[in-house]
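User: I would like a close look at one part of this protein, and then a walk outward from there to the rest of the chain. Could you take me through it in one connected answer?

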Amino acid sequence: MVKENIVGPEEILSFCCNGLQGSTSLPRAQEPAEREEVSGAMASPLPARNPTEVQMSQLGLPCHTNHRGELSTGQLLKWIDTAACLSAERHAGCPCVTASMDDIYFEHTISVGQVVNIKAKVNRAFNSSMEVGIQVSYEDLCSGKHCSICKAYATFVAQGSSGSKVKLKPLTPQTEEEKIEHSIAAERRRMRLVHKDTLKDLLTHSPRETELETRDGSVAVPAEKTRVESVELVLPPHANHQGNTFGGQIMAWMENVATIAASRLCHAHPTLRAIEMFHFRGPSQVGDRLVLKAIVNNAFKNSMEVGVCAEAYGQEMSISRRHINSAFMTFVVLPGHSWRHHPSFVPPLLQPETTCKDGERRYREASARKKIRLDRKYVVSCKQTEVPLSVPWDQSNKVYLSYNNVSALKTLVAKANWALAREKEEVRMYTLEEDKFLSFRIEMSVHIAAGQAFSLLSDLRRRHEWDSHYANNNKKNKPKDFVILASRRKPCSKGDPYVVAFRSVTLPTHPASAGFTRGETICSGFCIWPESEETSKVAYYNQATPGYLNYVTTNVAGLSSNFCATFKACEKF
């Protein structure tokens, strides 16, 4: 028998075995304020363009490039921020400022003479902030080749004339793609809010001793030798119509000093590969002096992380400096400066600063961020079809597994080509056929409040009471067991459903047993929409794995009505 524990409020790891369920509570993340509420020259009337969409095309000129004839990443960041700001202001109808930028991974460099195409549009508006999605590609005018550069998500805040926040009107998505982005935006917002906690949690569970990498015949370079400090005067061309410095301009200055710091370590010309998620802590205005500091935090096998800090002060030095922003940038040195090859240059060893305690802290945090980046890129950035059914769960990747879990279900819910396959006793079964997957949806209205239904259906310890597939009373076959991550979300704003998302994970403490058949699910769960104070619509979604295909096809063909019986039992429960 499996020991049962009290389940956590949002994330549940559940071990299900022959009708007996055990659950392990996950540490609760900081409760987000979720209740707040990216080419062409001419627009085509069909299909209708999103009213917030902004398209920008820029020709890479020699003045925009570095000594290798490649577009400066700082210049690209300025264009990205400008396009995103224009999109945000289209929706808000008032000035907007950059609040944060998610991770950016640069896939290619851009050469002089090539065209940079940027498309930005608002994915979702909350109370006074909104998420803007940006897609960047380049176009070679001679060959006609198009290639993706990066995809980014930025958060902007609307500001009134006095600098106060402005309440935004809701954004109604129209296309399937917009509905998917709108739905997942709330989950990305939640991940931003717990980003710092994720890093702290990983460092807490890691050894405190600093483990320095060793290489034969290599002498470590003191981190102090990579330190860079520079000052910039904010002039009117660097600011918007409110006099606040463009976020993209600050990022460009930060990229410049970070490149110098990385060059001092590797004695080569590094290329910016990625920028860690960052937040602007406050504004700077025309006339401010921006002090930019950079230092290499850690050097890995083929990359190095540079930390950059931006501080602002006015004409009077007596006034304390204001911390504007901190960012972490990953640089590589490419063989022949070609992005078609993986980095092969091994940077020298780095000796953390010994003059202050921050040196060791920065060294350890850089290692933690590298692991988080790998987890995030593997779990969040992978296409759903490229993720194995069961992925390992641990403390460092729990936030990103949860994000992937919920966003995969929300993506399935937002699909537009669901077809009604069966209907019996007010229980409706829909199917969705695409590529390698057959998905199904079963829904009905129940006489129970949505919140109560959410509470009951998210408790996997009791699912065997109404779902015969979990109870597995078939004595001819070995009983099934499951290790499932259950992620629960309450509505972020009016019209959103309650969400309970499931996916299989692996736990060292619960290996597969010869006495059971390990069941797996890649994407399944419940969405519950309130219809009135006492009624709600409950829908169950499942991206069918081989173990479910027989069940789905038998019910679709009319050879069985198990789907109806199961949902009726669910209603009684």
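Is His-267 buried or exposed, and what is its relative accessible area?

Analyst: Happy to help, and please keep in mind that this is a predicted model. His-267 is exposed, with a relative accessible area of 70%. You will find His-267 in the loop between helix H4 (247-266) and strand S11 (271-275). Its backbone deserves a glance too: His-267 has a positive phi of about 50°, although it is not a glycine. As background, most residues other than glycine have a negative phi.

There is another residue of this kind further along the chain. Glu-426 also is not a glycine and has a positive phi, of about 65°. Glu-426 sits in the loop between strand S18 (419-424) and strand S19 (427-434), and with a relative accessible area of 62% Glu-426 is exposed.

Now back to the two elements on either side of His-267, helix H4 and strand S11. Strand S11 belongs to an open sheet of six strands, in the order S5-S11-S15-S14-S13-S10, with antiparallel pairing. At the edges of this sheet are strand S5 (104-105) and strand S10 (228-233), each of which pairs on one side only. S10 and S13 run antiparallel and are joined by six bridges. For a concrete pair to look up in the viewer, take Val-231, whose bridge partner in S13 is Val-291.

Helix H4 leads us inward. The largest nonpolar core has 71 residues, and Met-130 and Ile-134 are those with the most contacts inside it. H4 gives the largest share of this core, 10 residues. The core also draws at least three residues from each of domain 1 (51-175) and domain 2 (217-384). A second, separate core has 28 residues, including Ala-450 and Leu-457.

Next come the charged contacts, starting beside the sheet we just visited. In general, side chains of opposite charge can pair when their charged atoms come close. Arg-322 and Asp-288 meet through their side chains in a salt bridge, at 2.7 Å from N to O. Arg-322 lies in strand S15 (322-332) and Asp-288 in the loop between strand S12 (278-279) and strand S13 (289-299), so this pair ties together parts that are 34 residues apart in sequence. The two partners differ in how far they are covered: Arg-322 is partly exposed, with a relative accessible area of 31%, whereas Asp-288 counts as buried at 8%.

A second pair, Glu-443 and Arg-428, forms a salt bridge whose closest N and O atoms are 3.4 Å apart. Glu-443 is in strand S20 (437-446) and Arg-428 in strand S19, 15 residues apart. Both Glu-443 and Arg-428 are buried.

A third salt bridge joins Lys-415 to Glu-176, with the closest N and O atoms 3.8 Å apart. Lys-415 lies in the loop between helix H6 (398-413) and S18, and Glu-176 in helix H2, so the pair ties together parts that are 239 residues apart in sequence. Glu-176 is partly exposed, at a relative accessible area of 26%. There is also a network of salt bridges, which links Asp-102, Glu-131, Lys-151, Glu-181, Arg-188 and Arg-192. The structure holds 18 salt bridges.

Helix H2 takes us to one more loop. Val-194 is placed between helix H2 (176-193) and helix H3 (195-204). Unlike the exposed His-267, Val-194 is buried, with a relative accessible area of 2%. Val-194 and Val-399 are 205 residues apart in sequence, but 7.9 Å apart in space from C-alpha to C-alpha.

Some nonpolar side chains are on the outside instead. Leu-59, Leu-61 and Leu-141 form a nonpolar patch on the surface, with about 260 Å² of accessible area together. Of these, Leu-141 lies in the loop between strand S7 (129-139) and strand S8 (146-158), and Leu-141 is exposed at a relative accessible area of 53%.

To place all of this in the whole chain: there are 10 helices and 25 strands. Buried residues make up 54% of the 573 residues. The accessible surface of the chain comes to about 26,600 Å², with 53% of that belonging to carbon and sulfur atoms.

Methods
Residues are numbered from 1 along each chain as its sequence is written. This is a predicted model: local features need pLDDT of at least 70, side-chain atom pairs count only at pLDDT 80 or more; totals for chains, interfaces and linings use all residues. Side-chain values use heavy atoms; hydrogens and water are left out. Helices (H or I, at least four residues) and strands (E, at least two) are DSSP runs, numbered from the N terminus. Buried means under 20% relative accessible area, exposed over 50%, partly exposed in between (1.4 Å probe, protein chains only). Patches are made of residues with over 30% relative accessible area and no salt bridge: like charges are joined within 9 Å, nonpolar side chains (Val, Leu, Ile, Met, Phe, Trp, Tyr) within 5 Å. Accessible areas come from the Shrake-Rupley method with a 1.4 Å probe; for residues, only the protein chains shown count as cover. A salt bridge is a side-chain nitrogen of Lys or Arg within 4 Å of a carboxyl oxygen of Asp or Glu. A nonpolar core is a set of buried Ala, Val, Leu, Ile, Met, Phe, Trp, Tyr and Cys residues joined through side-chain atoms within 4.5 Å. Domain bounds come from an automatic or database domain assignment. Two strands pair if DSSP finds at least two bridges between them.
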